[in-house]
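Biologist: Please zoom in on one part of this for me, the side-chain contacts, and take me through them pair by pair.

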Amino acid sequence: MMIYNGLLSIASAVLLALIYGSLFASASNSSETTIKSCVDNEDHCDNTADPISDSSSNAFTYPKVGDSITSFLNPNLFQDPETIHTIKQQLRAGKPVMIHNAFQPEYAEAMYQDLSSAEDAFELHAYAHEQDDFSCYHYNIYDLQKYTPLMNATLELFNSTATKEFASELSGRRCGGQTWPAASWYKPGSHSLPHSDWADQRTVAYVWHLTKDWKHVRSG
């Protein structure tokens with residue numbers, strides 16, 4: 001079986017209804033559960049605040065081959081048994097989960113800056129077809145030869161055995177196959193209509209959103 005990954009996306013804050021450092025995981029397109037490391041009412045949630053205490057003293061280092069994603073996630077969330085139970089419960093029921101401030105902020109910032117510096121490598125991807133009632137218009141890097149060292153290290157992290165075992169434990173699905181990456185950039189005017197990301201034998205889909213300073217009133 002395969003695990004599908006929408007590896008990374010960077011978006012205009014006025015367009016994408018997600019916040020810097022959020023992780024969205026799904027096995028379907030059902031209504032989602034949102035997990036935050038701040039207050040529950042997202043209208044009043046300070047999404048720009050540092051979600052990890054004393055994180056300024058933590059220097060970011062690239063993931064190494066064989067590392068698990070758990071070493072780079074927000075410990076305030078992923079070391080909390082109740083949070084893990086909620087994520088498991090929702091994913092195993094086939095429901096999407098959005099996790100705000102999922103990653104350690106040093107990693108999210110490094111990835112954001114890395115993608116920003118690689119803007120010239122993003123190519124327009126536009127699709128519209130009435131038969132499947134879907135259209136999209138955004139920018140992507142599909143050619144792995146154009147990946148930066150940090151993007152390659154991140155792909156290795158998400159493709160590691162330890163990470164896929166963690167995904168299997170959370171989702172209750174087999175995730176032993178290849179990780180498929182796609183870096184996306186949503187600029188003003190970009191869009192994707194709702195879709196499940198299901199194809200072939202993909203078992204789990206995720207998107208790491210890196211939009212900064214997004215506000216709920218902007219929709220998206």
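Modeller: Sure, salt bridges to begin with: I call it one when a side-chain nitrogen of Lys or Arg is within 4 Å of a carboxyl oxygen of Asp or Glu. This is a predicted model, so local features need pLDDT of at least 70 and side-chain atom pairs 80 or more, while totals for chains, interfaces and linings use all residues. Numbering runs from 1 along each chain as its sequence is written, and side-chain values use heavy atoms, with hydrogens and water left out.

The salt-bridge count comes to 5. One of them joins Glu169 and Lys88, with 2.5 Å from N to O. That pair links distant parts of the chain, as Glu169 is in helix H5 (161-171) and Lys88 in helix H2 (81-92), 81 residues apart; helices (H or I, at least four residues) and strands (E, at least two) are DSSP runs numbered from the N terminus. Glu169 is partly exposed at 40% relative accessibility, and so is Lys88 at 24% (buried is under 20% relative accessible area, exposed over 50%, partly exposed in between, with a 1.4 Å probe and protein chains only).

Lys146 and Glu123 make another bridge, at 2.8 Å. Lys146 sits in the loop between strand S7 (134-141) and helix H4 (149-158), and Glu123 in strand S6 (123-129), so this bridge ties together parts 23 residues apart in sequence. Then there's Lys64 with Asp67 at 3.8 Å: Lys64 is exposed at 56%, whereas Asp67 is buried at 18%.

Now the rings. Phe, Tyr and Trp (its six-membered ring) pair if their centres lie within 6.5 Å, with planes under 30 degrees apart called stacked, over 60 edge-to-face and the rest tilted. That gives 12 aromatic pairs. Phe103 and Tyr107 have centres 5.8 Å apart and planes at 90°, so they're edge-to-face, and both residues are buried. Phe103 also stacks with Trp208, at 4.0 Å centre to centre and 20° between the planes. Since Phe103 lies in the loop between strand S5 (97-99) and helix H3 (105-117) and Trp208 in strand S11 (205-209), this contact ties together parts 105 residues apart in sequence. Trp208 comes out at 0% relative accessibility and Phe103 at 2%. These three belong to one aromatic cluster, along with Phe60, Tyr62, Phe72, Phe158 and Tyr206.

That loop between S5 and H3 also holds Asn101, which has a positive phi near 55° without being a glycine. Asn101 is buried too, at 6% relative accessibility.
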